[in-house]
Amino acid sequence: MKNPLDSLWGTVISGLVLTVVLFFLARTMMGG
Amino acid sequence: MTDFIVYGLGRWVHIMAGVMWIGLLYYFNFVQVDAMKAAGADNPPTGAGITKHVAPRALFFFRWAAVVTVLMGAMILGDKIDDALFFKEKAYIPIGIGAWLGLIMFFNVWVLIWPNQKKILGIVSATDEEKTKARRVAFLASRTNVMLSMPMLFFMVASKGVFRAAGLL
């Protein structure tokens with residue numbers, strides 16, 4: 001499998017996905 | 001007066017240094033990487049000026065802006081730093097996540113990017129094989145920081161309003 005960080009688009013999409021994952025993690029930690 | 005220095009000047013300098021740090025990170029990833037590829041494909045190659053004159057200057061401001069950003073961030077958090085970093089207080093969870101992402105990025109700058117860039121730019125001696133490896137490590141660490149910068153900025157800047165609207169703050 002190709003490393004998504006090798007392309008700019010792959011990097012940006014990975015960043016967006018990580019943001020969403022961390023958002024739900026934070027929401028759970030905050031009791032939401 | 002202390003509040004003015006810590007929360008006024010501190011936040012101002014934190015954001016200015018952060019803009020310089022992340023701005024140069026984006027310059028490297030969105031501009032210089034592809035520009036160097038294109039310059040290397042020229043006949044004869046035309047990237048020597050970037051390597052000699054641009055990259056070392058950009059890296060100087062990049063790594064020291066990272067230091068100032070982290071120091072000012074720690075100063076702003078003050079005695080709440082453990083509440084943020086160890087998620088002790090609900091209100092500090094978003095900024096704590098942002099701070100951890102910033103600290104990982106800081107580690108990448110000083111431990112992975114800069115030592116390997118010194119080999120790539122010839123500031124320290126390295127064999128061709130070491131340079132090839134250094135190029136890959138520095139590139140992936142830099143790309144990792146672009147990826148991490150997105151949630152980092154969300155949690156540092158934008159998340160409070162989102163969590164407040166959701167009734168969590």
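**Exercise 1. Classify Ile22(B), which sits in helix α1 of chain B, as buried or exposed.**

The model is predicted; local features need pLDDT of at least 70, side-chain atom pairs count only at pLDDT 80 or more, and totals for chains, interfaces and linings use all residues. Residues are numbered from 1 along each chain as its sequence is written, while chains are lettered from A and ligands numbered from 1 in the order in which they are written.

Step 1. Take the cut-offs: buried means 20 or more other C-beta atoms within 10 Å of the residue's own, exposed means 12 or fewer, partly exposed lies in between, and C-beta atoms are placed from the backbone.
Step 2. Ile22(B) has 21 C-beta neighbours inside 10 Å, so Ile22(B) is buried.
Step 3. Look along the chain: Ser149(B) is 127 residues away, yet the two C-alpha atoms are separated by 7.6 Å.

**Exercise 2. Do the same for Gly49(B), in helix α2 of chain B.**

Step 1. Gly49(B) has 10 C-beta neighbours inside 10 Å, so Gly49(B) is exposed.
Step 2. The C-alpha atoms of Gly49(B) and Ala74(B), 25 residues apart along the chain, are separated by 37 Å.

**Exercise 3. Check the span of helix α2 (residues 48-77) of chain B.**

Step 1. The expected span is 1.5 Å times one less than the number of residues.
Step 2. For 30 residues this gives 44 Å; the end C-alpha atoms are 43 Å apart, so the two agree.
Step 3. Note what follows α2(B): Gly78(B) takes a positive phi of about 55°.

**Exercise 4. Which parts of chain B do the buried residues of α2(B) pack against?**

Step 1. List buried residues, among them Phe62(B), Ala66(B) and Val70(B).
Step 2. The buried residues of α2(B) pack against α1 (2-41) and α4 (93-120) of chain B.

Notes: Helix = DSSP H or I, 4+ residues; strand = E, 2+ residues; numbered from the N terminus. Contact = placed C-beta atoms within 7 Å.
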